[in-house]
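Biologist: Could you take me on a close look at a single part of this structure and show me how its surroundings fit together? I am in my first year, so please go step by step.

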Amino acid sequence: MSYRIFRVSCVPGVRALDKAESAYSPLPAADILSTGYGRDVTPLCESQEINMSNPVLVVHYHELWLKGGNRRFFLGKLFTALRQSLQGIPVERIEQPGDRFIVRLGDRAAVEEAIKRLERIPGVAYYAVARPVERNMEALCAAAWAEIEPLRFQGFAVRAKRSDKTFPHSTMEIESTVGRTLLENLRARGREVRVRLKDPEVTCHVEITPGPLLVYAQKIPGMGGLPPNTAGRMTCLLSGGYDSAVAAYHMMKRGAHLSFVHFYGTGAQPGESSLHIASGLARTLVPYQFRAKLYRVPFEAIQREIVRAAPEGVRILLYRRMMLRIAEAFARRDRALALVTGDSLGQVASQTLRNLVAVDAAARMPVFRPLIGTDKMEILATAKKIGTYEISSEPFHDCCPVFMPRQPELYASPRELDEAEANLDIASLVTQGARGATLEKFAFTGGRVEATEPESVLPADQSHAAIA
Ligand code: ATP
Ligand code: MG
């Protein structure tokens, strides 16, 4: 793989660089970038110089999903996600020297914010804040020592990656020189340590890239998963509770792009509506995929109709079937291929195995339930980690417990629910739900989430044809 900074020395009209100092000369980024060479460097802000003291983030991804011909597609998506996510932060460039990305920040103060953003990019396996170092062995050893000294361990290793072949020392030389220096320093301080090449507790990483050398020993786990928007579209039924927001997170982590559908009670007192909770959750989730739609469906009239025309014990299950049907209509509109809910096996009466199967029979699309095998405690821990816990903890008017049956059915069958719906005009209830819906759109740009004013989904006269 080639590097723009290296190639620049061969480009006519650009100042030729002395080989020894070429890769870290303070060359204005604009000079480098205007040559149009290579695809592995991207400017994110106005021309800046490579600054030796500016921090650098080394971003790693898992190799598993890179097998075969999809490599370019996935890496392209991850690269786009890095760029989009870091918008508004001074970044000199993003490089891709082989199996990782290197983000050169333009300002020391940007590290904290950049890390916050990195933590919400699916597909990032782990990352490190690296020390930029002058291109000589002495400086390298000193930086490696500064990284390693505060850490407690017994076995360590040094691993070098030499993607800039102009550096005069081989990988082996770098690893053994730095390793020996570290070992001597540690032993001189009375520390009982040894070099352990297999399964070391601590690894000091050295990256020989054009520009400053990079040293780091602490890898920070990212969120893992697959890069955003790589797995296709799905529609998530987003209540105001804890579970469905966490379910959404799990699917986005696997690269799904979600639209959200929220059903709200129209009879709520002012200030009690669940709409602001659903909006708050969508806002918190949108950074994982950059854009999202939230369909807001008034549901109380539909619930009243179910209460009027169906047996009491299966009400909640019929609410859920109607929710799935209406969500499916929006899914078709967005060309989504599956639905997502936050059900967890046996959590409440409507989530027994039989009830889940009986509810699903109303849907034509697959219904994915990423939380099906998780406990509430695990769900709450994730909600806290991703920042939806506080929002879901706010009091709001939940439409589902309205007209709660005294004795909910625990073991419904699809046939029983079909029969319970016999006196309902399903098609017109779906149309009613879809027509009454409003749409709020969210976008995550420059580190901020912007939302549009809720608008009608379609002009009333078109909604039936397009949605039903
Ligand atoms: P919690 O159980 O933490 O209160 P929840 O989101 O799981 O929250 P449940 O009552 O368990 O709520 O509902 C099961 C699933 O049904 C939800 O995860 C969600 O996918 C869907 N759902 C329930 N109510 C609504 C709603 N008002 N709008 C959209 N989807 C809903
Ligand atoms: Mg639940």
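Modeller: Gladly! Keep in mind that this is a predicted model. Let us begin with three elements that belong together: β11, α7 and β12 form a β-α-β unit, and its hand is right-handed. Strand β11 covers residues 233-237, and it pairs with β12 in the parallel sense over five bridges. If you would like one spot to find on your screen, look for Leu-237, which stands opposite Val-261 in β12.

Now stay with β12 for a while. This strand is mostly covered, since eight of its eight residues count as buried; a residue is called buried when 20 or more other C-beta atoms lie within 10 Å of its own. Its side chains go two ways: His-257, Ser-259, Val-261 and Phe-263 point one way, while Leu-258, Phe-260, His-262 and Tyr-264 point the other way, and all are buried.

β12 has another partner as well. Five bridges join it to strand β13, residues 291-298, and these two strands run parallel. Here you can look for Phe-263, whose bridge partner in β13 is Val-297.

Next comes the ligand. α7 (242-253) and β12 (257-264) each supply at least two residues of the shell around ligand 1. There are 17 residues around this ligand, and Ser-239, Gly-241, Asp-243, Thr-341 and Gly-342 come nearest. Sorted by class, the shell has nine nonpolar, six polar and two charged residues.

What about the packing behind all this? The largest nonpolar core has 70 residues, and those touching the most other members are Cys-236, Leu-238, Ala-248, Leu-258, Ala-282 and Leu-285. The helix that gives the most to this core is α10 (residues 315-333), with twelve residues. Cys-236 is a good place to zoom in: leaving aside residues up to four places away in sequence, it touches Ser-244, Ala-247, Ala-248, Met-251, Leu-258, Phe-260 and Val-340. Apart from this core lies another one, of 45 residues, among them Val-91, Ala-110, Ile-121 and Phe-167.

Two of the core residues just named, Ala-282 and Leu-285, bring us to helix α8. Nine of the eleven residues of α8 (residues 275-285) are buried, so this helix is largely enclosed by the rest of the structure. The buried ones are Leu-275, Ile-277, Ala-278, Ser-279, Leu-281, Ala-282, Arg-283, Thr-284 and Leu-285.

For a contrast in strand direction, turn to β2. This strand, residues 56-60, is mostly covered, with four of its five residues buried. β2 pairs with strand β4 (residues 100-105) in the antiparallel sense over five bridges, and the partner of His-60 in β4 is Arg-100. Five bridges also join β2 to strand β5 (residues 126-133), and these two run antiparallel. On that side, Val-56 has Ala-130 in β5 as its bridge partner.

One last stop is Pro-90, which sits in the loop between α3 (71-85) and β3 (91-95). Pro-90 has 19 other C-beta atoms within 10 Å, so it counts as partly exposed. The C-alpha atoms of Pro-90 and Leu-105 are separated by 6.1 Å, although the two residues are 15 residues apart along the chain.

Definitions and conventions. Residues numbered from 1 in each chain as written. Chains lettered and ligands numbered in written order. Predicted model: local features only at pLDDT ≥ 70, side-chain atom pairs only at ≥ 80, totals over all residues. Buried ≥ 20, exposed ≤ 12 C-beta atoms within 10 Å, placed from the backbone. Near = placed C-beta within 6 Å. Nonpolar A, V, L, I, M, F, W, Y, C, P; charged D, E, K, R; others polar. Pairing = 2+ DSSP bridges. Right-handed = clockwise from strand over helix to strand, strands pointing away. Core = buried A, V, L, I, M, F, W, Y, C linked by C-beta atoms within 7 Å. Contact = placed C-beta atoms within 7 Å.
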